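Reader: I should like to work through this structure by question and answer. Please show it before we begin.

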Amino acid sequence: PAEKRHQLDIVIDQVQNCQDWLNVLREYAQCFVFPDGGAYRIVPDTTGSSVMSFDSTNMVEQTFKINKRGSRSVPTRVEVVGTDITVTPWGDFTAPANLPDAVVRRVTRVSMPGFQRYSEAYRYAVMRLNDATLNDISIQFTAFDPALALQVADLITVTHPVGFTSKLFRVSTIAPDSPGRWKITALEYDPAK
């Protein structure tokens, strides 16, 4: 049988702020967690289809902004440190992922003690590396009232003269801008991550 994609093996034995534990669970499960009324909504970071499309007809003029992360801040290697339960006392293991044909210059080391399987830690390292290299564009724009139907983590497509044609983005924030106008921030989304 196929191995589970995500499995959390962690003991919650310390009193911490609820938001801190939500962040831990969010990271292990690869989900978006955000408040929704008096509860929290959990949305898996998986492939899906766009729920809304944006172009010059439904964006407020001259509000489109784009930001691209500099290549010097992108890691060339991600190392995930998990818990090795095959030894006594338990120790650590490291699962590295490198960019193909890249010189290792910028290393990101991530401690994930809830990972007890090398294969899962390695998948997570590859995902973090792919996320850093494939999803390095963020955008912001103001949209009209139909954008009110969007929720954080929704996938949208954006077409814009800067070079986007039905480019996928994931909504990270929605906030009122002025009556009938909504400021949207979104991050590039590539299902290959």
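Reader: Which residues do ring pairs link into a cluster?

Author: The model is a predicted one, and by the pairing rule it holds eight aromatic pairs. Some of these rings are joined to one another through such pairs. The cluster consists of Phe54, Phe64, Phe141, Phe164 and Phe169.

Reader: Which residues of the largest nonpolar core touch the most other members?

Author: In soluble globular proteins, nonpolar side chains tend to be buried together. The largest nonpolar core here has 18 residues. Those touching the most other members are Phe54, Ile139, Phe141 and Ile156.

Reader: Which strand gives the largest share of this core?

Author: At least two residues of this core come from each of strand 3 (52-54), strand 8, strand 9, strand 10 (164-178) and strand 11 (181-188). The largest share is four residues. The strand that supplies them is strand 8.

Reader: How many residues are in the other core, which lies apart from this one?

Author: The other core includes Val80, Ala121, Tyr124 and Ala125. Its number of residues is 14.

Reader: Is alanine 147 buried or exposed?

Author: Alanine 147 is found in the loop between strand 8 (137-144) and strand 9 (155-160). Leaving out residues up to four places away in sequence, alanine 147 touches Met52, Phe54, Trp182 and Ile184. Buried means a relative accessible area under 20%. Because the relative accessibility of alanine 147 is 1%, this residue counts as buried.

Reader: How far apart in space are alanine 147 and tryptophan 182?

Author: Tryptophan 182 is among the contacts of alanine 147. Along the sequence the two are 35 residues apart. From C-alpha to C-alpha, their separation in space is 6.8 Å.

Reader: How does phenylalanine 32 count by its relative accessibility: buried, partly exposed or exposed?

Author: Phenylalanine 32 belongs to strand 1 (residues 31-36). Beyond four places in sequence, its contacts include Arg41, Asp45 and Arg170. Its relative accessibility is 26%, and buried would require a value under 20%, exposed one over 50%. Phenylalanine 32 therefore counts as partly exposed.

Reader: What lies over the face of tyrosine 189?

Author: A charged side chain is placed over this ring, at 4.7 Å from the ring centre. The residue concerned is arginine 170.

Reader: How far apart in sequence are the parts tied together by tyrosine 28 and phenylalanine 115?

Author: A pair of aromatic rings is described by the distance of the centres and the angle of the planes. For tyrosine 28 and phenylalanine 115 these are 5.2 Å and 80°, an edge-to-face pair, and both residues are buried. Tyrosine 28 lies in helix 1 (residues 18-29), whereas phenylalanine 115 lies in the loop between strand 7 (107-111) and helix 2 (118-134), so the pair ties together parts whose separation in sequence is 87 residues.

Reader: What do the buried residues of helix 1 pack against?

Author: The buried residues of this helix are Trp21, Leu22, Glu27 and Tyr28. They pack against strand 1, strand 2 (39-44) and helix 2.

Reader: Which residue caps the N-terminal end of helix 1?

Author: At this end, a side-chain oxygen lies 2.6 Å from the backbone nitrogen of glutamine 19. The capping residue that provides this oxygen is asparagine 17.

Reader: How far apart are the end C-alpha atoms of helix 1?

Author: Helix 1 has twelve residues, and at 1.5 Å a residue the expected span is 16 Å. The distance in the model agrees with this expectation, because the end C-alpha atoms are separated by 16 Å.

Definitions and conventions: Residues are numbered from 1 along each chain as its sequence is written. This is a predicted model: local features need pLDDT of at least 70, side-chain atom pairs count only at pLDDT 80 or more; totals for chains, interfaces and linings use all residues. Side-chain values use heavy atoms; hydrogens and water are left out. Buried means under 20% relative accessible area, exposed over 50%, partly exposed in between (1.4 Å probe, protein chains only). Contact means heavy atoms within 4.5 Å. Rings of Phe, Tyr and Trp (its six-membered ring) pair if their centres lie within 6.5 Å; planes under 30 degrees apart count as stacked, over 60 as edge-to-face and the rest as tilted. A charge sits over a ring if NZ of Lys or CZ of Arg is within 6 Å of the ring centre and within 35 degrees of the ring normal. The expected span of a helix is 1.5 Å times one less than its number of residues. A polar contact is a pair of N or O atoms within 3.5 Å; within protein, one must be able to donate a hydrogen and the other to accept it, and residues adjacent in sequence count only if both atoms are side-chain atoms. A nonpolar core is a set of buried Ala, Val, Leu, Ile, Met, Phe, Trp, Tyr and Cys residues joined through side-chain atoms within 4.5 Å.
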